[in-house]
Structure formats: structure tokens, C-alpha cells
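Open the model in a viewer and keep the selection tool at hand. The stops below are meant to be taken in order.

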Amino acid sequence: MSAALESLLGLLDLEQIERDIFRGTSRSAVVPRVFGGQVAAQALVAAGRTVPAERTAHSLHSYFLRMGDPGAPIVYSVDRIRDGRSFTTRRVVAVQHGQPIFHLSASFQTYEEGLEHQADMPPAPDPETLPTAEQMLPRYADVFTDPGVMDRLLEARAAVDLRYVGAPPFANVGTPQEPRSQVWFRTNGKLADDPLLHVCMATYVSDMTLLDSVLLAHGRGGWAVGDVVGASLDHAMWFHRPFRADEWLLYDQESPSASGGRGLGQARIYTQDGRLAITVIQEGVVRVPRD
């Protein structure tokens with residue numbers, strides 16, 4: 001297991017300070033705020049720790065309310081909304097400096113048999129044939145306005161092996177393309193056999209690239225290039241089938257719309273053998289900077 005993955009797992013191992021109150025710390029991000037995927041994953045950890053182990057997460061719905069301060073702890077307060085015969089619902093509020101910065105509702109279910117169908121997995125190359133972040137990012141060092149961006153990108157992705165199927169948005173600035181993007185990802189090391197941990201790790205990664213397809217549609221390079229400013233607004237996930245975040249997962253993303261200073265991304269995450277594991281939808285602020 002890589003040192004970066006051990007560090008990330010430490011972030012997800014929240015400190016319990018009361019029956020339904022947990023505290024977490026943050027790690028450095030590409031931009032000077034708490035990474036949204038980290039807050040979402042930590043909130044799901046807090047919710048999951050109040051739920052019986054045999055009930056696994058099947059959905060989450062969340063809102064990013066304020067920019068998080070990476071230098072301050074985050075307190076997660078869990079509200080036990082409902083414990084039914086099959087489903088359990090939890091609400092989590094993340095607080096910093098006395099103000100809520102994030103709100104999450106999550107639902108958990110006891111496994112049961114039911115009807116089965118799924119959308120087919122789209123074609124994608126073998127992930128092992130694609131360049132790693134360490135191989136790919138230095139090719140675009142000259143497009144980053146801040147010379148430290150590449151190092152921060154590498155640091156932020158050191159815990160996860162994330163490989164682009166096509167070129168990232170910052171590779172073709174000024175050239176609009178089809179609003180679709182694919183990446184393969186898995187953790188840089190094996191994880192324990194805890195379904196909640198794998199769901200939380202996928203939640204963490206899901207916020208890394210989902211709005212890339214919005215940028216591609218308009219030939220924008222993104223926050224690292226400086227030709228847009230933005231942040232996640234809301235984030236929803238549905239967990240359909242068991243998966244492991246330490247095995248290759250295909251993140252197939254597209255953007256059906258952008259308007260009003262906002263962009264919408266939607267995606268499906270498949271296991272390498274073609275099972276649809278997760279559906280993700282996110283809207284974010286995507287603004288062109290004013291001169």
C-alpha cells in the first residue's frame with residue numbers, strides 16, 4: 001500500500017467524540033480549500049458508523065454549502081432519521097467555524113434479491129495500456145498558469161491510480177469537443193474487506209473528474225489552467241452492485257447541459273468485467289473569469 005493511500009485511509013478513519021458526532025481532518029488539495037470528495041466521503045463514513053454492518057449504502061444526496069478550510073477540523077453530526085425493516089436513513093451536517101459547509105442524506109439497505117437489468121458497459125481500452133498520472137501530467141506542464149499545479153495534482157492523486165482514456169481538458173484548450181470523458185481508477189494498494197470503505201473511496205474519487213465533460217464541450221482547460229472558476233454544488237450517487245475500489249473501475253462521464261453559470265455532469269461507473277456498480281450526477285458552478 002502506498003504512503004499516500006495510508007494517509008487517505010487515516011483521513012477517513014474519523015474520531016468519534018460523541019454518540020453521533022465525529023471529527024475529521026483534511027489534506028492539501030489542488031485549490032486552497034477542502035476537496036469536496038473528501039468531505040462527502042467523510043460524511044458517508046460518519047453516517048455508516050451509525051448503521052448495522054449488514055446494511056450497505058445504496059444512495060447519497062448532498063449539497064456543498066460553503067468552502068471548507070483545510071487548516072481546521074470538520075465536525076460531522078449524524079441525525080438518525082429512520083431505522084426501518086429494510087432501509088436506514090441518515091442525515092449528516094459537516095460544520096466548520098460554527099457554520100455548516102456540507103449536508104448529506106444517505107440511505108442504507110439490507111441485501112435482498114430482486115429484478116435485474118443494467119445499461120451495457122461502453123467500449124474502453126485496457127487500463128493497463130494507458131499512461132499513469134506521473135507519465136501523463138508532465139506533458140502539459142507548460143499549460144498550467146501556476147508552476148506548482150502539476151505537483152499538487154500529482155500529490156492529490158497519489159493515493160489513486162487514475163488514468164484518462166482520452167486527453168484531459170487541459171490538453172486541448174480552445175478546441176471544443178464532444179462532452180464525454182472516461183477514466184479508469186483504482187486505489188494504489190489493497191483495501192480491507194469492508195463494503196463501507198470501498199463505497200466511501202469511490203465517493204472520494206467521484207468528485208475528481210465528473211465536470212471534465214462540461215469543460216471539454218467548451219474547449220476550457222479547467223481550474224488548473226485558470227480559464228474557468230468553479231466549485232461543486234450538489235452531488236448524488238446510487239450504488240447498484242458490490243464492487244471493490246482497489247480493482248479497476250471505469251468512470252464513463254458526460255455533460256447533458258450547461259447554463260446559468262452551472263454545468264451538469266452525469267456518469268456511470270462499471271467494474272472491469274462490465275457490471276454497472278454506480279450512477280453519479282453532479283452540478284457545479286462553472287464560470288468564465290471576468291477581465
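The tour goes through two helix pairs and then a series of single residues.

This is a predicted model, in which local features need pLDDT of at least 70 and side-chain atom pairs count only at pLDDT 80 or more, while totals for chains, interfaces and linings use all residues. Residues are numbered from 1 along each chain as its sequence is written, and side-chain values use heavy atoms, with hydrogens and water left out.

**Helix 2 and helix 5**

Select residues 36-48 for helix 2 and residues 195-206 for helix 5. Helices here are DSSP runs of H or I with at least four residues, strands are runs of E with at least two, and both are numbered from the N terminus. The two axes come within 7 Å and cross at roughly 160 degrees. Axes are lines fitted to C-alpha atoms, for helices over the stretch in contact, and angles run from 0 to 180 degrees between N-to-C directions. Helix 2 is therefore roughly antiparallel to helix 5; angles over 145 degrees count as roughly antiparallel, under 35 as roughly parallel, 65 to 115 as roughly perpendicular and the rest as oblique.

The crossing of helix 2 with helix 5 is right-handed, that is, the near helix is turned clockwise from the far one by less than a right angle, whereas anticlockwise would be left-handed.

Now show the side chains. On helix 2 the contact (heavy atoms within 4.5 Å) is made by Gly-37, Gln-38, Ala-40, Ala-41, Leu-44, Val-45 and Gly-48. Helix 5 supplies Leu-196, Val-199, Cys-200, Thr-203 and Tyr-204. Coloured by class, the residues of this contact divide into eight nonpolar, four polar and no charged. In this scheme Ala, Val, Leu, Ile, Met, Phe, Trp, Tyr, Cys and Pro count as nonpolar, Asp, Glu, Lys and Arg as charged, and the others, Gly among them, as polar.

**Helix 1 and helix 5**

Keep helix 5 and add helix 1, residues 3-12. Their axes come within 12 Å and cross at roughly 105 degrees, which means that helix 1 is roughly perpendicular to helix 5. Leu-5, Leu-8, Leu-9 and Leu-12 of helix 1 meet Leu-197, Met-201 and Tyr-204 of helix 5. By class, this contact has seven nonpolar, no polar and no charged residues.

**Asp-69 and His-97**

Next, select Asp-69, in the loop between strand 3 (55-64) and strand 4 (74-83). Asp-69 is partly exposed, with a relative accessible area of 29%; buried means under 20%, exposed over 50% and partly exposed in between (1.4 Å probe, protein chains only). Beyond its neighbours within four places in sequence, Asp-69 is in contact with Val-34, Gln-96 and His-97. The C-alpha atoms of Asp-69 and Gln-96 are separated by 7.6 Å, with their places 27 residues apart along the chain.

Which backbone nitrogen does the side chain of Asp-69 reach? That of Gly-71, at 2.9 Å. The Asp-69 side chain also makes a polar contact with the side chain of His-97 at 2.9 Å. A polar contact is a pair of N or O atoms within 3.5 Å; within protein, one must be able to donate a hydrogen and the other to accept it, and residues adjacent in sequence count only if both atoms are side-chain atoms.

Move to His-97, in the loop between strand 5 (87-96) and strand 6 (99-110). At 61% relative accessibility, His-97 is exposed. His-97 is not a glycine, yet has a positive phi of about 50 degrees. Most residues other than glycine have a negative phi.

**Arg-241**

Select Arg-241, in the loop between strand 9 (229-239) and strand 10 (249-259). Is Arg-241 buried or exposed? Buried, at 17% relative accessibility. Its side chain reaches the backbone oxygen of His-117 at 3.0 Å and the backbone oxygen of Leu-276, also at 3.0 Å. Residues in contact with Arg-241 include Glu-116, Gln-118, Arg-275 and Ala-277.

**Strand 12**

Finish on strand 12, residues 276-287, which holds Thr-279. The Thr-279 side chain makes a polar contact with the side chain of His-240 at 2.7 Å. Among the residues that Thr-279 touches are Met-237, Trp-238 and Arg-268.

Val-280 is also in strand 12 and is buried, at 0% relative accessibility. Its contacts include Ser-206, Leu-210, Tyr-251 and Ile-269.
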